[in-house]
Amino acid sequence: MKPALLPGRPWPLGATWDGYGVNFAVFSAHAQAMALCLFDEAGAVELSRLMLPVHTNDVWHGYLLGASPGLIYGLRAHGLWRPDRGHLFNHHKLLLDPYAREVVGHFEWRDEHFGADRQHPLHMDTHDSAAFALKASVVHDSFDWEGDLPPCVPLQDTVLYELHVKGFSKLNPKVPEALRGSYAGLAHPASVAHLQRLGVTSVSLLPVHYALDEERLAGMGLHNYWGYNTLAFFAASTRLASGQDGLNARDEFRAMVKTLHAQSIEVLLDVVFNHTAESGADGPTLSFRGLDNASYYRHPPESPAAFENHSGCGNTLDIRQPRVLQLVMDSLRYWVSEMHVDGFRFDLAPVLGRGDHGFESNGAFFTAVAQDPVLSQVKMIAEPWDIGPGGYQVGNFPRGWLEWNDHFRDAMRGFWLQDDDNARSRGDFALRLCASSDLYQPRHRAPGVSVNYVVSHDGFTLADLVSYNERHNEANGEDNRDGHGNNLSNNLGAEGPTDEPQINHLRGRLQRALLATTLLAQGTPMLCAGDELGHSQRGNNNPYCQDNEITWIAWAQADDGLIDFTAWVLSLRRQLLPFGNHWYSGLSDTLGLHDLSWLHSSGEALQGQAWNDNSERVLGCLIGQPGRARAPLLLLVNPDAEDHDFMLPAGVWQAVLDTAHSRGMTRWQGQGEAALRLGARSLMLLVAAGAVITF
């Protein structure tokens with residue numbers, strides 16, 4: 001007998017088991033009917049097709065008594081096929097529930113996935129896709145967190161470590177082979193030990209939502225390795241699961257989070273709510289497009305058949321629509337409440353704030369987050385640009401949000417690596433070193449909101465930044481046209497690897513200078529995994545489709561000295577917190593000590609045109625009110641190709657960091673009002689008498 005659906009309820013969205021049956025609820029404002037399709041245990045045979053009986057406030061819903069977790073299902077939406085009006089309903093296409101917690105099946109690109117005839121795009125394709133479509137499985141979450149609590153690392157102590165779950169452990173010989181490249185691999189003691197050795201506080205994971213490879217990449221035998229092509233915002237990627245101990249991807253992810261939390265390490269997720277894997281007007285009908293294309297995506301008002309493409313990936317989610325906003329909010333809350341993550345980095349975040357007339361820092365999404373009792377308590381980081389009109393919004397996000405700061409990236413690359421017209425001045429360096437006060441202080445935002453980085457997953461690695469002048473992306477199959485063309489890099493005399501000792505010595509020195517600048521600067525530092533051990537991507541600065549040894553961290557070639565150097569710099573940051581999380585005024589206290597002073601190599605105050613004089617760019621920063629030190633600190637930088645003498649201020653000074661040394665550690669001590677020899681292309685940190693440093 002064909003099962004019958006009871007009315008059920010319109011909330012919560014998705015499939016919810018209550019111990020007696022399953023409630024199904026799916027949003028579609030424009031569908032005329034919605035079918036629930038049930039499948040066998042393998043997800044291969046469609047056993048029955050039931051019409052959801054009730055439509056309440058744009059939500060179709062029904063209740064299946066006796067259904068239980070493990071039931072495999074899909075959806076079919078009935079409605080108008082009117083591409084000219086933005087309606088693409090095609091009941092021949094099985095659709096994935098947007099709220100699916102577990103995705104079943106293996107996706108392969110086929111013509112059946114497309115709602116429109118590929119030869120005649122205005123015509124509906126009538127081939128049924130059920131045999132090939134991804135499906136959802138009803139789940140009932142039950143995980144023993146054993147009292148797990150979030151580390152809640154204060155912003156001023158936060159050190160972000162951006163990594164790819166697979167690439168981080170895939171080649172680590174200390175991780176069992178069966179676990180390498182997985183959530184369990186990241187949770188393995190060898191992985192955790194490396195994070196602890198460095199002293200990072202928060203791992204920022206590249207996307208772990210269930211994502212697809214683009215058809216173009218699949219045709220070339222490549223994969224979307226980075227994962228910025230989401231299809232299911234509630235489902236953990238199965239590609240990143242090892243299946244150890246019979247755990248599903250969801251529980252393996254949770255076990256990883258629990259392990260990292262036990263070591264006081266936060267877990268942040270890179271999330272992609274700017275577009276979906278359904279691409280543009282010629283893309284497939286897999287979920288959102290078939291359920292309600294006109295609601296889920298942004299379309300030009302004058303051309304509903306077209307797609308606004310602020311993401312560069314063919315479509316743009318329409319956060320203006322309440323139910324789409326709800327999808328984003330529900331997903332974020334799920335990952336915090338049920339998966340225990342500690343925050344998010346939002347890819348192309350201006351999309352989330354786009355209203356009818358451009359970016360709005362007080363838009364509905366930001367308002368919803370600010371008042372949400374769950375999401376307002378976790379770290380929220382914006383990639384503050386997209387490719388749409390007015391898409392560059394660095395500095396314009398609301399209070400409480402952190403932002404990737406590309407001003408810092410470009411200024412530090414230009415300061416340390418460029419000697420020509422691209423060279424950055426002492427003025428640029430100082431402004432970015434102190435948390436880009438021009439961007440954030442006028443808006444009453446704290447220095448910590450500036451996420452300082454010189455390298456991220458997107459671009460050259462640190463080792464490649466000092467080894468290549470040009471991108472080498474031929475493996476990507478786009479004739480080396482993709483990726484950034486202007487990287488402010490410097491190969492220092494040889495393109496790529498070289499046996500020339502002098503060049504390799506200089507490369508090492510500059511890597512240390514860039515690392516130290518990033519990790520000691522005011523703001524929140526971000527380190528890209530592999531940079532601390534000299535990983536190279538062979539000059540590929542856009543390896544989004546390279547799921548291989550180009551991107552997998554080369555542990556066998558790790559520079560152990562560079563790891564020690566990075567750990568020492570982070571130890572100094574923890575002990576001294578050189579700049580703190582407050583804005584400096586340059587004024588003096590009652591003892592006549594300035595809170596921050598900028599010095600010429602002569603020891604005199606740096607003033608006027610000297611800030612922009614690139615004939616000499618040596619600079620000293622005297623910090624009179626450091627974050628944790630009980631005594632003043634002195635930061636000295638020399639990006640020039642020659643050594644320079646620097647006249648020290650009065651007092652007794654001890655050097656605790658010198659990037660001219662391979663491991664950075666030094667115990668030099670000397671009297672002030674005398675010259676200190678500052679090495680070329682190097683940075684030194686000194687503490688005044690009275691500071692206690694643990695070596």
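Me: Hi! Before we talk surface, how do accessible areas get worked out here?
Reply: Accessible areas come from the Shrake-Rupley method with a 1.4 Å probe, and for residues only the protein chains shown count as cover. This is a predicted model, where local features need pLDDT of at least 70, side-chain atom pairs count only at pLDDT 80 or more, and totals for chains, interfaces and linings use all residues. Residues are numbered from 1 along each chain as its sequence is written, and side-chain values use heavy atoms, leaving out hydrogens and water.

Me: Great, so what does the accessible surface of the protein chain come to?
Reply: About 26,400 Å², with 49% of that belonging to carbon and sulfur atoms.

Me: And how many of the residues count as buried?
Reply: Of the 695 residues, 61% are buried, meaning under 20% relative accessible area, while exposed is over 50% and partly exposed lies in between (1.4 Å probe, protein chains only).

Me: What box do the C-alpha atoms fill?
Reply: Roughly 95 × 50 × 50 Å, taken along the principal axes.

Me: New topic: H91. Where does H91 sit?
Reply: H91 is in the loop between β9 (87-88) and β10 (103-104). Strands here are DSSP runs (E, at least two residues), numbered from the N terminus.

Me: Is H91 buried, exposed or partly exposed?
Reply: H91 is partly exposed, as its relative accessible area is 31%.

Me: Which residues is H91 in contact with?
Reply: Setting aside neighbours within four places in sequence, H91 is in contact with R76, A77 and H78, where contact means heavy atoms within 4.5 Å.

Me: How far is H91 from G115?
Reply: Their C-alpha atoms are separated by 9.1 Å, and the two residues are 24 residues apart along the chain.

Conventions: Helices (H or I, at least four residues) and strands (E, at least two) are DSSP runs, numbered from the N terminus.
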